[in-house]
Structures are given as structure tokens and as C-alpha cells.
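Student: I am new to this structure and would love a close look at a single part of it. Could you walk me through it slowly?

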Amino acid sequence: MTTTKNYYQVLGVSDSATEDEIKKAYRALAKQYHPDANPDDTSSAERFKEIFEAYSVLSDAEQRKKYDTMRKYGAFTKGFGGGGAGRPGAGSGPGVRFEDLDFGNLGGLGGLGGIGDIFSSIFGRGKRETVVEPIEQVVRVPFKVATLGGKVPVTVTVREACPTCGGSGAAPGAKVTTCQECGGRGTVSFGQGSFAVNRPCPACRGRGTVPSEICGACHGLGDVEVRRRLMVNVPAGTVSGTRVRLKGQGQRHPGGGPPGDLLVTFEVIPDRFFRREGADIVCTVPINLAQAALGSKIKVRTVDGKRVVLRIPPGTQSGQKFRIRGMGVARNGTRGDQYVEVTVQVPEHLTGEQAERLKELADDLGLRY
């Protein structure tokens with residue numbers, strides 16, 4: 001049984017290579033064999049196509065998983081492109097028909113029809129629109145903004161159309177011709193027979209045309225890296241881990257289609273005074289011995305920035321909590337409460353006279369010391 005290409009060998013990585021190892025190997029090989037770096041070497045162009053084909057499958061977690069499954073069960077064999085799925089010689093050797101194989105326990109392949117359906121699920125049929133992966137960004141949010149809602153700035157690095165060439169990748173005045181590699185389609189097919197994977201053409205980068213001279217500002221890429229500053233809405237009641245999606249605020253589409261999205265994950269910055277417990281806010285306020293024993297009125301700061309007068313009744317104990325209604329977390333049109341926990345502070349240093357007077361008071365109250 002003769003197998004087709006081993007994508008791991010193409011990239012020079014092991015079957016257990018991580019995503020980062022695969023990406024690193026691809027970048028190194030792509031740089032070495034890119035047609036722009038080897039304009040007179042046709043073998044380099046073929047090698048680059050092979051590298052690009054391998055990376056297109058192994059860089060996609062779902063495609064890689066199914067590709068590994070098919071390799072394990074011998075589906076990648078010479079001849080499957082020539083024969084149709086379900087015919088002798090169409091897959092795993094003479095006299096074996098794929099409809100006779102049981103794929104029910106192959107982890108995620110159950111319920112698929114013939115081998116053609118399996119390959120369709122792996123690679124897709126026909127031209128498939130390139131989907132731009134979203135940019136993911138973690139943004140730190142002040143406690144007050146997370147509690148009440150508001151806006152925070154976020155700076156993202158994206159690639160936008162080169163202002164010099166307008167995204168064409170061609171130098172000003174350069175002659176633009178149809179790409180010979182893809183015939184102007186902008187895509188090339190990898191695979192065999194009807195089981196083909198359509199990907200953007202590596203020679204023209206999906207444009208369908210090739211310039212006689214590439215743009216010096218973007219080195220023929222058609223886009224440049226820029227930093228963009230946005231104001232992001234933070235919903236009231238946001239907690240760490242909350243995510244929002246900003247449509248169209250991510251990377252530009254290489255083929256001129258809709259840009260990708262920006263995924264923002266919020267991380268709430270802890271506050272030195274407030275802490276959150278569900279829909280409520282809790283804070284700790286110190287009071288002195290006289291205030292606790294005799295009662296008092298104190299001013300307490302709220303998350304809104306206002307100060308509320310709180311009455312401390314006589315005989316208040318350390319650790320006792322008092323509620324301020326409607327000053328908690330804003331959520332779904334309502335707000336929780338704020339709880340004020342008091343701690344009674346005892347004088348650390350007393351003069352002799354003060355100590356004696358305190359003892360007299362303790363004796364009068366029947367307190368032991």
C-alpha cells in the first residue's frame with residue numbers, strides 16, 4: 001500500500017507537533033521557498049505549494065484531527081482519486097470498498113456516508129470563502145466601570161490596505177498580468193480527483209494577478225501593520241472573563257471580503273476599598289471605641305463617588321454589617337446593595353492617667369480585664 005504525502009514530513013515536524021511548532025516550521029520553509037525569493041527556480045515554487053498545502057491542513061485543529069484519523073485507518077492511499085468512493089480500488093486496496101468499512105467508532109466520523117462524504121467534511125468541496133480569524137484581546141477594566149458600565153480604550157494591531165499600492169501589492173506604474181499559477185482564479189486546488197482542497201493561490205496571494213514589480217512599501221503583501229485605538233462598551237455588571245465581539249474590527253480580508261472580528265475579554269481590576277459579592281458591593285470601614293459604644297454618624301463612599309451618611313447605633317460590634325440600599329452592582333435595570341462592615345479600632349497606646357480612667361469605667365461596667 002502506497003500512501004500519499006505525509007504533511008508532517010513535508011513540514012519536517014513530528015506527528016505530535018504543537019500548533020506553535022507547526023507554525024514555526026511553516027514560516028521558515030515558506031520564507032526559504034517563496035517564489036519571490038526564488039524567481040528563476042520552478043522547483044522552489046512547487047515545493048512552496050507543497051508546504052502551503054501541508055500547513056493549510058495541519059494548522060486547522062479540526063482538519064488535522066480528521067486527517068490524522070484517515071491516516072490511521074489507511075484512507076490516504078494511492079488510487080482513491082481515480083476511483084469513486086464505494087468502488088473497488090477507491091481507497092484501502094484491491095477488493096476493499098469504503099461502504100463496507102465501519103467508521104462508526106472513529107471519533108466524530110459516525111453518521112457520515114461514503115468516503116467522499118468524509119473527505120468533504122475534512123476539506124469541503126468547491127470554492128470556499130476564506131474566513132478571517134478574529135483577533136483576541138484582553139482589556140483591563142476599572143472596578144467602577146465594570147460595576148456601573150461605561151467605555152474603555154483598546155489598542156489593537158491590525159493589517160490594513162497599503163496606502164501606496166491601494167492593496168494591490170504592485171509598485172506604482174508596474175504592469176499587472178494574470179497569474180499563470182491559478183489562471184486568474186485566485187485559488188489553487190490541492191489533493192487528488194474530486195477530493196480537492198481549494199486555497200488562496202500562494203503565487204498571487206489570492207488576487208489572481210501578478211505585478212511586474214512589487215510595492216516597496218508593503219513588499220508586495222498589499223497591506224501594512226497599523227495600530228488602531230477603539231472605545232469598547234463595557235456592560236454594567238461585567239465580571240472578569242466576560243467577552244464581547246466587535247464585528248468587522250479585526251484583520252482585513254486578504255481577498256477584499258468582510259474583515260474579521262475583534263474578541264475582547266474583560267479583566268476587572270480589583271479595588272482597594274470595594275469588593276463584589278454577587279450583585280452586592282462590600283466595603284470595610286474602621287470606627288473608634290467611642291463611636292461603637294455610644295453610637296455615631298459616619299460618611300461612607302459609594303462606587304458612584306457619592307458619600308452617604310450612615311448611622312452607627314450604640315453598642316455596635318466589630319464585624320457588624322449595615323446596608324445601603326440600591327448602591328450595589330447595576331444589572332438588568334436594577335442595582336444590588338452596598339454593605340458596610342465596621343471594624344472597631346482600639347487605642348494602641350494609653351497614658352497612665354488614661355489607663356486608670358479606663359479601668360474605672362471597666363469596673364463600673366462590670367468588665368473583666
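Which residue forms a salt bridge with D261, and how far apart are the closest N and O atoms?

Tutor: Happy to help! Please keep in mind that this is a predicted model. The partner of D261 is K247, and the closest N and O atoms of this salt bridge are 3.4 Å apart. Both residues belong to the loop between β8 (243-246) and β9, so the salt bridge ties together parts that are 14 residues apart in sequence.

Now look at how the two partners sit relative to the surface. D261 has a relative accessibility of 9%, and it counts as buried because the cut-off for that word is under 20%. K247 has a relative accessible area of 63%, which makes it exposed, since that word applies over 50%. The salt bridge therefore joins a buried D261 to an exposed K247.

Let us follow the chain onward from this loop. Strand β9 covers residues 262-268, and the loop between β9 and β10 (274-277) holds R272. E267, in strand β9, takes us to another pair. E267 forms a salt bridge with R140, and here the closest N and O atoms are 3.6 Å apart. This pair links distant parts of the chain, as R140 is in strand β1 (residues 135-141) and the two residues are 127 apart. With a relative accessible area of 34%, E267 is partly exposed, because its value falls between the limits of 20% and 50%.

R272 deserves a pause too. Its relative accessibility is 88%, so R272 counts as exposed. On the surface, R272 gathers with K299, R301 and R307 in a patch of positive charge.

To put our pair in context, a search of the whole structure finds 15 salt bridges. For another one, turn to helix α3 (residues 42-58). There, E46 forms a salt bridge with K49, with 3.8 Å between the closest N and O atoms. Both E46 and K49 lie in helix α3, three residues apart, which is about one turn of the helix. E46 is partly exposed because its relative accessible area is 47%. The story of this pair goes a step further, as E46, K49 and E181 are linked in a network of salt bridges.

Helix α3 also holds A54. A54 has a relative accessible area of 0%, so this residue is buried. What does A54 touch, once its neighbours within four places in sequence are left aside? A54 is in contact with Y7, V10 and L11. For A54 and L11, the C-alpha atoms are separated by 7.0 Å, while the two residues are 43 apart along the chain.

The surface has a nonpolar patch as well. L350, L358, L361, L365 and L367 form this patch, and together they have about 470 Å² of accessible area. L350 is placed in the loop between β17 (338-345) and α8 (352-365). The relative accessible area of L350 is 43%, so L350 is partly exposed.

Two other loop residues are worth finding because of their backbone angles, and a general point helps here. Most residues other than glycine have a negative phi. H219, which is not a glycine, has a positive phi of about 60 degrees. You will find H219 in the loop between β6 (209-211) and β7 (223-234). Its relative accessibility of 57% means that H219 counts as exposed. N332 also has a positive phi, near 55 degrees, and N332 is a residue other than glycine. This residue sits in the loop between β15 (330-331) and β16 (334-335). N332 is exposed, because its relative accessible area is 76%.

Finally, let us step back to the chain as a whole. Its secondary structure comes to eight helices and 17 strands. The chain has 369 residues, and 37% of them count as buried, D261 being one of the buried residues. Among contacts in the chain with a separation of 6 or more, 60% come from residues 24 or more positions apart. The chain exposes about 21,300 Å², and carbon and sulfur atoms supply 50% of that area. If you now return to the loop between β8 and β9, you can find D261 and K247 there again, with their closest N and O atoms 3.4 Å apart.

Definitions and conventions:
Residues are numbered from 1 along each chain as its sequence is written. This is a predicted model: local features need pLDDT of at least 70, side-chain atom pairs count only at pLDDT 80 or more; totals for chains, interfaces and linings use all residues. Side-chain values use heavy atoms; hydrogens and water are left out. Patches are made of residues with over 30% relative accessible area and no salt bridge: like charges are joined within 9 Å, nonpolar side chains (Val, Leu, Ile, Met, Phe, Trp, Tyr) within 5 Å. Accessible areas come from the Shrake-Rupley method with a 1.4 Å probe; for residues, only the protein chains shown count as cover. A salt bridge is a side-chain nitrogen of Lys or Arg within 4 Å of a carboxyl oxygen of Asp or Glu. Lys and Arg count as positive and Asp and Glu as negative; His and the chain ends are not counted. The place of a charge is taken as NZ of Lys, CZ of Arg, CG of Asp or CD of Glu. Helices (H or I, at least four residues) and strands (E, at least two) are DSSP runs, numbered from the N terminus. Buried means under 20% relative accessible area, exposed over 50%, partly exposed in between (1.4 Å probe, protein chains only). Contact means heavy atoms within 4.5 Å.
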